[in-house]
Each structure stands twice: as C-alpha cells, then as structure tokens.
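Q: Please take a close look at a single helix of this model, and then at the loops where the backbone turns in an unusual way.

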Amino acid sequence: MRYLLFLVGLMIGYLATAQTSIDQRFQRTIEKADSLRRAEQFEAARDILLALREAPDFSQASCLALGNWYHKLGVVQYYRYANEAALAYWRDSALVTRQACAETPPADIANSYYAVALAYRDLYRTSEEREAILQSVQILEQLEAPDPLDIAYKYQQVGQLFNRTGDVSRSLFYLEAAQRFYDQAEKDASPRQLADLYNEFGLVYTARGRYNVAIDYLQKAATIHEAANELAALAVRLQNISKAHFFAGRYAEAEQTIRRAFAINEQRGALRMLVINYQSLGNIVKRRGQLAEAMAHFQAALQIAKTQNWPREQAAMFENIGDVQILEGQIDAALDSYQEAIISLVPGFTERDPAQNPEVEQSVPLKLADLLRVLRLKGEAYFARYQSHQAPQDLRMAYETFRVMDDYLVGQRQGFQVSGSKFLQLDKSKENYERAIQVALAWYEAEGKAEALEQAYNFAAKNKAIVLLEDLQDLKAKIQGVPPEVLAEENALREQYSHLERQLARTTQDSLRRSLSGELFSCRRSYEDLIARMEQNYPDYYALKYALPQTSDLQSVLDQLPADRAVIEYFVGEDQIYTFILHQGELQYHVVDRPGDLAERCERLYAASQGTQPKAIERELMSDLLLKKVLETIGENVTRLTFIPDGPLLKLSFDFLPHPTQPQRFLIEDYAVSLAYSQQLLFAPEGNSSSDLVDFGGFGLEYDDFTLEGLPDYFPIEPPQDIAIRSIGKLIYSDDEVQEIAEMLGGSQWINNEALKSTFLSEANRFRILHFAMHSLLDPEQPLNSCLVFSRPTSDADFLLYASELYNLQLPAELVVLSACNTGTGQIAEGEGIRSLARAFAYAGAPSLVASLWSAPDYSTKNILLHFYQALQEGHPKDVALQMAKQAYLHEAAPSYQTPQYWAHLQVIGDTGGVALNQKGMPYWQWGLVGLLLLGLILLWRRKG
C-alpha cells in the first residue's frame with residue numbers, strides 16, 4: 001500500500017512538473033511572439049504560436065496557458081487586420097476558455113471582453129462593441145483592488161465609441177469619468193494615456209462645433225507626442241487639428257497642419273492615415289475651387305483604399321469624388337459615385353443603379369453618419385438633375401432618397417439615451433429636412449399630386465418636439481410592457497440622478513464636486529444598466545419603444561379642424577421660411593425668403609415686449625413676413641389661429657403682432673391665438689378626462705421672508721428688479737387669484753403656508769385643472785433644473801419642484817395653468833422647440849397648458865386669468881377664453897398698462913378644446929335665462945289678472 005501511494009505521489013509530482021514545463025514553454029513562446037509583433041513581423045509571430053499546436057503535449061497545457069495562447073493569437077491576427085479571425089480567437093476561444101477556468105484572474109476575463117470589443121469595432125458592429133466593452137468595465141469595477149488607470153482607459157474607450165455613433169453627450173459623460181479616474185489614481189497616468197484622452201476630448205468638442213476648445217485639447221495631445229518623438233500618434237493628432245481648423249473655416253491653418261501630418265505618414269508608409277490625409281487635402285483645395293487637384297487627391301486615396309480593401313475609406317473617397325463631379329456639372333457621374341459610396345457602406349447591398357436604395361430595416365451600415373450624408377447628397381444630385389432636365393422621375397427619386405435618409409435618422413436618434421445627443425442630431429439634420437421639403441414641394445408644383453404636398457408637410461412637421469414625442473412613446477411603452485416594480489426602480493434612479501445633478505450645479509468646492517461627479521456617474525451607469533435589462537427582458541417594451549413614430553394622418557387632422565380654426569406651421573430654413581396652413585379641409589403653403597437678421601428681429605421683439613411698447617416698424621415687418629399671406633389664404637370665416645413656430649419664431653408672442661391690413665389693431669383683437677409644440681401632440685391628446693376628477697386644485701403664495709431668504713441657497717438668482725413682477729419678490733395678488741378662482745369653480749386651494757410641495761405631490765392626481773400662482777425660477781443652461789417655488793416650512797424642507805421631477809409624474813389634469821414667470825420659455829433646441837417647465841408638464845400628461853413667455857406682472861396676470869376662467873365656465877374653448885380675457889383686460893386697463901408686457905405673455909399651449917367642468921352652480925348666462933323666464937311668467941300672470 002505504501003509503495004502504491006509512493007508511486008501515485010511520484011506520478012502527481014511528475015505531471016505537475018510536466019505541466020509547469022509545458023506552461024513555461026507556452027509563456028516563452030508568447031513572449032517571443034510579442035517581441036516579433038512589436039517588430040511588426042506579424043506572420044512570424046502567428047507561425048510560432050500556431051507551431052505549439054503541433055507539439056505532442058499540447059493538450060496537457062493548463063487552461064490558464066491555453067487562454068493566454070488563444071488571446072495572443074487573436075492579438076497577432078488583429079495586427080494583421082484579420083479582424084474576423086481575431087474575433088474568433090478572442091470571443092470563441094480565449095474568452096470561453098478563460099471563463100471556464102477557475103484559475104483565470106478576473107482582470108484577464110475583462111481584457112478578453114475588451115479585445116472582443118476591439119474586433120467588433122473594426123468590423124463596424126457597434127452595438128456588440130458597446131456590450132463587450134461595458135462588460136469589461138463592469139468586471140474591472142468589481143475587482144477587490146481595481147486599477148483606476150485601467151478603468152479610466154476603458155471609460156475613455158466607451159467615450160470614443162459613443163462619439164463615433166454620434167451620441168456625443170454620453171461620450172463626454174464617459175470621458176469626464178475617465179478624467180476623474182486619472183486624477184484620482186495613486187500613480188500618475190502616462191503622458192501617452194493623457195494624450196489619448198485629450199485627443200478624445202478634442203474629437204467630441206469638434207463634433208459639438210466648439211472648435212477652439214477642440215483645438216486646445218488636440219494641441220496638448222500633439223505636444224506630448226512630439227516631445228516623446230511618437231511620430232505615428234503625432235500624425236493622427238495633426239490630422240484631427242486640421243479637421244477642426246477646416247470646420248472653423250480656417251483653411252490656411254488646416255492645410256499647413258495636414259501637410260505636416262502627410263509628410264510623417266508618407267515617410268512611415270502609413271497607408272490608412274495617408275488615405276485620410278489625401279481626403280483632407282482634397283477638401284481644402286476643393287474649397288478654393290481647385291477641382292482638378294482635389295480630384296487627384298481623392299483618386300489617389302481611392303486607389304489605396306481599393307488595394308487594401310477598406311470599405312469605409314472607399315466610401316469616403318467615392319463621396320468626395322461625387323462632390324467634385326457635382327461642381328463640374330457631371331451629375332450622372334456623381335450619382336454613380338454616390339451609389340458606389342452607399343454600396344461600400346452597407347454590407348450586402350450591391351445595387352449599382354442609383355435608383356435603388358438599401359432597405360432600412362434590413363441593413364446596418366458601417367457608419368451611419370457617413371451613410372446619412374451620402375443619401376442627402378444623392379437626393380440633392382437627383383434634384384439638381386431635375387432642375388436641369390425637368391424629368392419628373394428625378395423628382396420622385398430625390399424624394400425617395402430623402403425618405404430613406406429620414407428613416408435612418410429616426411433609427412439613429414432612437415438609439416440615443418441622452419436628450420442632448422438627440423438635440424444635437426436635430427440641429428445637424430435641419431439642412432437635410434429643408435432639402436427634403438424643397439424636393440417634395442417641387443414635385444407637387446410639377447405634378448400637382450396631393451401626396452407630394454402632404455410629404456412636404458410631413459418633413460416639416462414630423463420633427464417638431466420629436467424628443468418629447470419619443471419620450472412619451474418610451475413612457476407609454478414602459479407602462480404597457482414593464483412591471484410596476486421595475487418602473488418604480490427606474491423612477492427612483494431618475495430622481496436620484498436629478499437630485500445629484502442639482503447638488504452638483506450648486507456646489508463650488510472642488511473636492512465635493514469630484515465626489516458628487518463620481519456619485520452622479522455611478523447613478524447614471526446604474527440607470528443605463530437597468531434600461532438595458534428592461535429592453536432585454538421585456539420584448540413588448542422594446543418593440544413599442546423603437547417603433548417608428550408616425551405623423552397623424554393628414555386627412556384626419558383636417559377633419560378635426562372646425563370651420564373657424566386654422567393651424568399655421570412654420571419651418572425656418574437657412575434661406576427660406578416655409579409656412580403650411582391647415583384649414584377648411586385643405587393643406588396650403590407658401591414660401592418667403594428668410595431675412596438675414598430674422599433671429600435678431602425676434603430677439604428685439606422679445607426684449608421689447610417685456611418692457612415698453614415694441615417699435616411699430618418691427619412689429620409691422622414681422623406681421624408682413626409671417627401673417628400677411630396666411631390671413632389672405634384663410635379668408636374671413638376663420639377666427640381661431642394655432643401657431644406651431646420654429647427656430648427664432650419660438651420667442652414670439654403672435655397675438656401682439658399687428659393685423660397686416662390694420663396696423664393699429666393687435667392680432668388678438670380679431671383672432672383667438674394659441675401655440676402648439678407639434679401637430680402630433682396637438683391632434684393626438686391622451687384623453688385625460690374623467691368624471692371622478694375635482695374641477696380645480698390651486699396653489700398660490702404671497703410669500704413670506706423665510707421662503708424668499710432661502711432661495712439663494714438652493715438656486716442662483718439675480719436681485720429682483722421689480723417686486724410687482726412674479727420674479728423673486730413678494731406676490732401681492734397670487735393668493736387672492738387662487739382664492740377667487742376656487743370660489744368661482746369650486747375645488748381645493750392651498751395658499752401661502754399651506755402651499756407645500758409635499759401637498760402638491762400627494763394631491764395632484766385629483767384635479768381636472770391644476771393652477772400655480774407662484775414664483776418660477778428659470779435655468780436657461782440646464783432646463784431640467786428650472787422649478788416652481790412652493791412654501792418653505794422649515795430650513796431643511798424640500799420646497800422647489802424641479803422640471804426633472806415632473807418627468808417622474810403622471811398627471812390626469814386636462815389643463816395646467818402656470819401663472820408664474822417664464823414657464824413657457826427656456827432653452828431653444830433646434831427642431832425640438834423650447835425646453836421649459838410647460839414642456840415638463842406636457843411630458844407628465846397635460847395635453848393643454850397656459851404658460852408665460854416672459855416675466856408675469858402680478859396684477860394684470862391675476863385679472864386676465866379670472867376673466868379666462870369665467871369664459872371657460874361659460875363653455876368657451878381655451879383659446880377663445882384667453883382671447884376674451886385679454887380683450888376684457890385691454891378694455892379695462894389704463895393706457896400705460898396696455899403694452900404687451902402686461903398681457904401678451906400668457907399663451908394657451910396644446911389642446912384648445914373646452915373643459916367639461918362639474919358646474920358648481922349655473923353659469924351667469926343660465927341664471928339670466930331663468931330670470932327672463934320668471935319675468936315673462938310674472939308679466940303673463942299680471943296680464944291674465
């Protein structure tokens with residue numbers, strides 16, 4: 001027995017020694033392959049690694065050694081640009097082996113995920129890249145002693161990924177997190193690591209259009225590489241600096257910088273970078289009109305890209321060649337070039353006929369931003385050919401190409417989780433939609449088809465308030481497809497995130513800001529993880545969330561319009577203003593040239609309307625521009641106008657503009673005026689009406705010193721200019737306003753010390769009408785931090801209701817009246833509209849609002865709203881009720897109080913229908929009828945007597 005145990009021990013020792021020897025041989029081979037790889041001898045590195053497989057004892061290697069061997073084979077294939085092979089080794093072999101091996105350190109598994117992400121990146125499989133890299137980060141964060149530098153680098157890579165997909169807000173979010181980890185690391189980040197981070201910041205700020213900030217970051221990166229004589233990296237940074245100069249219009253600086261990068265890359269034989277340099281040089285000389293030289297640069301780059309089989313680089317060169325051909329008048333050749341670019345960008349798409357486009361639902365382009373740009377150029381080329389040859393099929397092809405571009409744009413935007421990225425995309429795509437409108441209108445003029453005019457209107461209408469619409473679509477999808485307990489978890493995370501954001505905005509101490517930034521980042525990561533789980537675990541939610549939003553059917557919209565009402569929707573383009581008019585069952589349009597100073601005119605009118613009477617000439621010019629043709633079109637039967645403004649027009653109160661033919665009269669004297677965020681929201685309200693609701697719930701505060709003195713600690717505010725304005729002084733009439741309306745309608749009221757935020761949160765779901773007569777505070781830079789100011793009962797009480805909190809509420813109210821300053825104004829987001837407190841209430845479910853476009857004078861606001869509710873009680877629509885209220889105010893007020901400052905700020909936004917009130921008693925007119933009837937009976941009785 002002892003002998004047997006001795007033999008077993010010897011065998012175990014031998015096997016352990018043998019395995020150690022095999023593992024050591026694996027390690028030596030891996031180190032030698034690494035040395036060959038660094039010397040760029042990639043074939044030799046691959047061959048010596050593969051030779052290990054032929055060894056008779058290969059199968060006796062440990063799982064740890066095998067995992068490392070598979071991983072290194074993937075590395076070598078990656079450097080050979082054999083990305084499919086690299087992915088197979090990393091994902092299917094190294095990662096699987098390491099995950100199954102108990103001896104593998106978690107950091108090695110994280111590195112395998114990161115390697116898989118790199119392979120996906122070069123294969124343009126963006127969503128899979130994102131999942132792999134975030135999995136890598138998650139493992140690193142859970143290590144017992146995580147390496148801050150490693151985590152920082154991975155966050156930097158996530159930031160780079162989001163920037164490449166156009167999600168620049170999330171990109172900046174992760175890059176700032178990387179910067180914090182570098183700053184907090186016990187050992188300093190290497191100069192190369194910092195240079196890489198500076199480069200990523202530079203690329204993000206270039207994408208955001210902040211070119212000077214971008215160049216500062218990129219120059220810091222270039223300086224580090226130059227000092228270390230890292231020429232390859234220096235050439236990349238110089239390329240990026242040149243790009244920022246180019247977009248800023250500094251072509252001489254752009255050319256000087258790119259020629260320096262070109263010289264470095266040419267000396268090194270760096271073909272991929274030379275292709276990019278050729279492209280930049282071609283674009284610079286093209287701007288100077290040197291088309292032959294530009295074409296030579298693009299052709300040289302294309303030849304390299306074809307030889308190396310680089311599809312994205314080929315696409316870029318075909319696109320640029322097409323641009324030159326357009327400038328040379330070779331439209332047919334340009335269409336062929338753009339089609340070749342599309343073929344290069346969309347795997348599996350092989351149609352060389354420019355009349356063919358890829359199917360959106362069946363194709364995933366290598367880079368969506370590039371495809372969107374090429375589709376726009378192709379649509380413009382078809383339009384240019386139509387203008388030259390007047391062939392109707394060219395118009396239809398131009399339209400069809402823009403339609404496909406639009407579908408891709410919607411898909412891209414829906415993939416963004418951060419509103420900031422959506423707003424930036426809308427801003428950048430405005431030009432695309434202007435071209436689409438031009439094409440559709442030309443099609444309509446050429447063939448007279450109603451379909452073409454409707455499509456032109458859809459291009460103008462569908463992206464108004466689109467982020468709000470998509471947010472509402474997301475909310476609806478959650479309610480229908482996600483369990484309540486998961487929704488509660490999501491709401492809690494959103495509220496925590498908003499709270500941390502507000503704390504950060506109020507904090508100036510550096511150490512506390514760093515701590516809050518870290519908490520904010522962790523909270524945001526938790527929220528993103530939760531959303532990803534919801535999309536994976538609840539397919540109904542995913543399907544509803546990403547369904548393409550549809551515009552309301554135009555005919556159904558026209559059918560809903562009464563004969564006395566017209567909807568006027570503006571699209572403010574770069575050179576023209578497009579006006580679409582819906583009334584009396586018809587869609588009509590007209591186009592006027594956009595004045596070069598339109599934005600300045602609107603700003604002047606907005607500023608003047610808050611003080612003295614705006615200059616008559618300014619008002620008359622704007623009336624002629626925006627209203628003259630509209631009123632000629634609608635005729636005399638229309639008395640109600642709903643405006644859907646765009647761009648600079650969002651700052652206007654239309655009802656104080658003069659009638660174009662009667663300059664002495666305000667528009668409000670002849671028309672009931674209302675505003676809407678979008679056609680979809682206007683004609684597809686959720687239908688909150690319920691007979692179980694109480695008519696009125698009002699909150700009004702005159703304010704005590706304790707509440708007002710606490711404001712600076714919670715919100716940065718300027719000293720009050722006039723306490724009569726609902727800014728930050730005491731409000732003499734606001735509590736009376738709520739009391740008198742409550743007496744008129746019945747319902748509930750909370751005034752002064754009773755008007756608590758906690759009361760609103762607990763009672764808000766009971767009312768058909770919610771009314772707030774109080775201060776609001778506007779944060780134009782961070783709209784979600786704008787808020788309503790309730791009473792402050794104690795020093796540590798929560799008394800500010802932030803816009804961000806409203807996004808967590810679901811209110812059944814049919815009407816919300818915001819009798820406070822600036823509730824209908826805020827940050828203008830191109831294509832989206834104004835990000836205001838009113839918009840936040842719209843998200844919370846209110847289909848109709850009354851809000852203020854500027855500071856609300858206390859007495860006149862009360863006076864107008866009392867008349868408004870009286871008219872509502874009599875059964876008038878909301879827009880008519882507000883018109884009657886303003887007319888009554890103008891009739892009663894002294895001349896010095898008739899300037900627009902005192903009355904034009906209040907606007908009905910959204911649904912204009914009447915409110916079905918549970919009458920407290922009979923309205924005055926009904927009492928009048930009863931009195932007349934009684935009088936008649938008395939007279940009749942006397943006559944008979």
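A: What follows looks at helix H11 and then at backbone angles in the loops. The model is a predicted one, and in it helix H11 covers residues 231–247. At 1.5 Å a residue, the 17 residues of H11 should span 24 Å, and the end C-alpha atoms of the helix are 25 Å apart, which agrees with that expectation. H11 is largely enclosed by the rest of the structure, because twelve of its 17 residues are buried, that is, they have under 20% relative accessible area. Among these buried residues are Ala 233, Leu 234, Leu 238, Ile 241 and Phe 246, and the buried set also includes Arg 237, Gln 239, Asn 240 and His 245. The cover over the buried residues of H11 includes helix H9 (191–207) and helix H10 (211–227), together with helix H12 (251–268) and helix H13 (271–287).

Just after H11, Gly 249 takes a positive phi of about 85°. Most residues other than glycine have a negative phi. Tyr 81, a residue other than glycine, nevertheless has a positive phi, near 65°; Tyr 81 lies in the loop between helix H3 (63–79) and helix H4 (83–100), and it counts as exposed because its relative accessibility is 53%. Gln 390, also a residue other than glycine, has a positive phi near 60°, and its place is the loop between helix H17 (368–389) and helix H18 (392–414). With a relative accessibility of 47%, Gln 390 counts as partly exposed.

Methods: Residues are numbered from 1 along each chain as its sequence is written. This is a predicted model: local features need pLDDT of at least 70, side-chain atom pairs count only at pLDDT 80 or more; totals for chains, interfaces and linings use all residues. Side-chain values use heavy atoms; hydrogens and water are left out. Helices (H or I, at least four residues) and strands (E, at least two) are DSSP runs, numbered from the N terminus. Buried means under 20% relative accessible area, exposed over 50%, partly exposed in between (1.4 Å probe, protein chains only). The expected span of a helix is 1.5 Å times one less than its number of residues. Contact means heavy atoms within 4.5 Å.
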